[in-house]
Amino acid sequence: MSRHLSPNPDSANSSQLELAFEDNRLAAQLFGEFDQHLALIEQRLEVEATPRGNHLMLSGAPSAIDQARRVLESLYAQLEEGQALEIATVDAVIRMIQTEDSQLVLPTLEKKGRVRMAQIATRKATIVARTPAQDAYMRAMDRSELIFGVGPAGTGKTYLAVAHAASLLERGDINRIILSRPAVEAGERLGFLPGDLKEKVDPYLRPLYDALYDMMRPEHVERWITSGIIEVAPLAFMRGRTLSNAVVILDEAQNTTSMQMKMFLTRLGENSKMIVTGDPSQVDLPRGERSGLIEAVDLLDGIEGVHVTRFSDKDVVRHALVGRIVRAYEADTARRLSENASRG
């Protein structure tokens, strides 16, 4: 791959960079069907990308051209290694490069170099980090015993936690997975619902089941749930237990009380790790009751063996509109708080 930089005669504030890719077939994959990968790079980095065969001319501000070059070089290197390239991968690499330039320190980014995103592999799927926060979160799950993933919906907190647990179970590094949620509400009052306990709690644990089936073969999931290797249970069932040789995931943890969170965290046994996920902005506890998740993050952040990953609307990966919805609600919440403070 070669490159040639020259000033743009049409503008004193812009430059041009010509990139040449040796493999025509890989260059076509890099540009994407109907040049859709280039279109995303143009939109996100505010450059103009003009392909000519296996050559590509980039035009724009020098800093934007430099970002686009690094994105394209990283993606081309992945293709050379035999990795498939999807639009989500292009989006992820753009986010990583932009984060590097905003001075956020990540162990996965070489200075001005190629992007190496964290991965989680199971027999059914390989999950690749799509945002810098996801990358940090996935690597923290390898290194730490207690991991908090806090932030808005759609950022992959629960999905990645289940994927990590599934990979460890398939490798034989742990003996079981335990998935838990506060059911319905923090008080877990399920008595009014029809059916037995499983029928009462299953609807509230459905997202955890869905993630399991995405990561593992359905027959394995069903067999392991029946045998107890995978256990899905309401938070109240954790009381009095010591959980060893397991990955224990607590989802929707913002709806735990302080006592519930303390109870849960003290269940940690030998060769186990806990992953706690939740959105502090979506607390459904009674007014005046402090969220156990918020308290735990405040108390434990910085303690050896504990890692806190904070996600934001920039990490939403479900759909671009979801990110805009999250930002709109956050702006409205900030406005209401400001109005209340001014009245007070």
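1. In this predicted model, ring pairs join Phe21, Phe31 and Tyr76 into a cluster. The structure holds three aromatic pairs. For Phe21 and Phe31, the ring centres lie 6.0 Å apart and the planes stand at 75°, so this pair is edge-to-face. The pair links distant parts of the chain, with Phe21 in the loop between strand S2 (15-20) and helix H1 (24-31), and Phe31, ten residues away, in helix H1 itself. Phe21 is buried, its relative accessible area being 0%, and Phe31, with a relative accessibility of 4%, counts as buried as well.

2. Another aromatic pair is formed by Tyr137 and Phe311, which is edge-to-face, with 5.3 Å from centre to centre and 85° between the planes. Because Tyr137 lies in helix H5 (residues 132-143) while Phe311 lies in the loop between S12 and helix H11 (320-343), the pair ties together parts that are 174 residues apart in sequence. Tyr137 has a relative accessibility of 0% and counts as buried, and Phe311 is buried too, with a relative accessible area of 7%.

3. His37 brings the reader back to Phe31, since Phe31 is among the residues that His37 touches when those up to four places away in sequence are not counted. The full set of these partners is Gln29, Leu30, Phe31, Gly32, Leu85, Glu86, Ile87 and Val90. His37 itself lies in helix H2 (residues 36-45), and its side chain reaches the backbone oxygen of Gln29 at 3.3 Å. Is His37 buried or exposed? At 4% relative accessibility, His37 counts as buried, the cut-off for that term being under 20%.

4. Gln83 is found in the loop between helix H3 (62-80) and helix H4 (87-101). With a relative accessibility of 28%, Gln83 counts as partly exposed. Its side chain and that of Glu81 are joined by a polar contact of 3.0 Å, and, leaving aside residues up to four places away in sequence, Gln83 touches Gln78 and Gln119.

5. Helix H10 (residues 292-300) can be described by the residues it buries, which are Gly292, Leu293, Ala296 and Val297. Why do these residues fall on the same side of H10? They cover an arc of only 130° around the axis, and this puts them on the same side of the helix. The cover over the buried residues of H10 includes strand S7 (146-150), helix H9 (258-265), strand S11 (273-278) and strand S12 (306-310).

6. The two ends of H10 also deserve a look. At its start, a side-chain oxygen of Ser291 comes to within 3.2 Å of the backbone nitrogen of Leu293, a residue that is itself buried in the helix. After the helix comes Gly302, which has a positive phi, near 100°.

7. Two asparagines should be checked for their backbone angles. Most residues other than glycine have a negative phi. Asn245, however, has a phi near 50°, a positive value in a residue other than glycine, and Asn271 likewise has a positive phi near 50°. Asn245 is found in the loop between strand S9 (230-234) and strand S10 (246-250), where it is partly exposed, with a relative accessible area of 28%. Asn271 has its place in the loop between H9 and S11, and it is partly exposed at a relative accessible area of 48%. H9 and S11, which flank the loop of Asn271, are also among the elements covering the buried residues of H10.

8. For the protein as a whole, there are eleven helices and twelve strands, and buried residues make up 50% of its 344 residues. Of the contacts with a separation of 6 or more, 66% are accounted for by residues 24 or more positions apart. The accessible surface comes to about 17,400 Å², and carbon and sulfur atoms hold 50% of it.

9. A word of caution concerns confidence. The pLDDT of the protein averages 82, and 83% of the residues score at least 70. Over residues 103-112, however, the pLDDT is below 50, although this stretch has 18 contacts in the model beyond near neighbours in sequence. Residues 184-188 also have a pLDDT below 50, and there the model shows 13 contacts beyond near neighbours in sequence. Where pLDDT is low, the predicted coordinates should not be read in detail.

Methods. Residues numbered from 1 in each chain as written. Predicted model: local features only at pLDDT ≥ 70, side-chain atom pairs only at ≥ 80, totals over all residues. Heavy atoms only, no water. Buried < 20%, exposed > 50% of the residue type's maximum accessible area, 1.4 Å probe, protein only. Helix = DSSP H or I, 4+ residues; strand = E, 2+ residues; numbered from the N terminus. Arc of directions from axis to C-beta. Contact = heavy atoms within 4.5 Å. Polar contact = N/O pair within 3.5 Å; in protein donor to acceptor, adjacent residues only side chain to side chain. Areas by Shrake-Rupley, 256 points an atom, 1.4 Å probe, with all protein chains shown as cover. Phe/Tyr/Trp six-rings, centres within 6.5 Å; stacked < 30°, edge-to-face > 60°. pLDDT = per-residue confidence, 0-100.
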